[in-house]
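Reader: I would like a close look at one part of this model. Please take me through the main element, its side-chain pairs and its surface.

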Amino acid sequence: MSGDPESLTYLRRIDTKVDGLRADMTEVKQRLGFPEEQYASISRRVDRIGGDVERIKTRLNLVDAPAD
């Protein structure tokens with residue numbers, strides 16, 4: 001049966017479908033990578049803004065100055 005032309009045709013169709021799925025998964029991974037990069041960038045910006053706000057509060061005497 002493994003040498004049967006019908007089973008070879010069936011296996012080739014499965015192989016073609018698996019190749020299509022592999023290409024789709026590659027595209028999905030690329031698309032998911034972009035929002036992850038954007039999130040990381042925004043997160044870094046928010047962290048920097050938090051530090052800036054703390055410095056502003058200190059300069060305006062809204063909080064106690066940190067002890068150095």
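Author: Leu8 is a good place to start, and it sits in helix α1. A caution before going on: this is a predicted model.

Helix α1 runs over residues 5-59, which is 55 residues. From its first C-alpha to its last it reaches 82 Å. The expected figure, at 1.5 Å a residue, is 81 Å, so the two are close. The secondary structure of the protein comes to one helix and zero strands. Just after α1, Asn61 takes a positive phi of about 60°.

Now the burial. Of the 68 residues in the protein, 4% are buried. Within α1, the buried residues are Ser7, Gly33 and Ser41. The protein exposes about 6600 Å². Carbon and sulfur atoms supply 57% of that area.

Back to Leu8. Its relative accessible area is 34%, so it counts as partly exposed. Leu8 belongs to a nonpolar surface patch. Tyr10, Leu11, Ile14 and Val18 make up the rest of that patch. The patch covers about 420 Å².

Next, the charged pairs. The whole structure holds four salt bridges. Three of their pairs are described here, among them Asp19 with Arg22, Glu27 with Arg31 and Lys57 with Glu54.

Take Asp19 and Arg22. Their closest N and O atoms are 3.1 Å apart. The two residues are three apart in helix α1, so about one helical turn separates them. Asp19 is partly exposed, at 38% relative accessibility.

Glu27 and Arg31 come next. Their side chains meet at 3.1 Å, N to O. Both lie in helix α1, four residues apart, about one turn of the helix. The two partners fall into separate classes of exposure. Glu27 is partly exposed at 37%. Arg31 has a relative accessible area of 58%, which means it is exposed, the cut-off being over 50%.

Last, Lys57 and Glu54. Their salt bridge spans 3.8 Å, N to O. It falls within the 4 Å limit for a salt bridge. These residues are three apart in helix α1, again about one helical turn. Lys57 is partly exposed, with a relative accessible area of 31%. Glu54 is partly exposed too, at 40% relative accessibility.

Why does such spacing suit a pair? An α-helix has 3.6 residues a turn, so residues three or four places apart point the same way.

Conventions: Residues are numbered from 1 along each chain as its sequence is written. This is a predicted model: local features need pLDDT of at least 70, side-chain atom pairs count only at pLDDT 80 or more; totals for chains, interfaces and linings use all residues. Side-chain values use heavy atoms; hydrogens and water are left out. Buried means under 20% relative accessible area, exposed over 50%, partly exposed in between (1.4 Å probe, protein chains only). Patches are made of residues with over 30% relative accessible area and no salt bridge: like charges are joined within 9 Å, nonpolar side chains (Val, Leu, Ile, Met, Phe, Trp, Tyr) within 5 Å. Accessible areas come from the Shrake-Rupley method with a 1.4 Å probe; for residues, only the protein chains shown count as cover.
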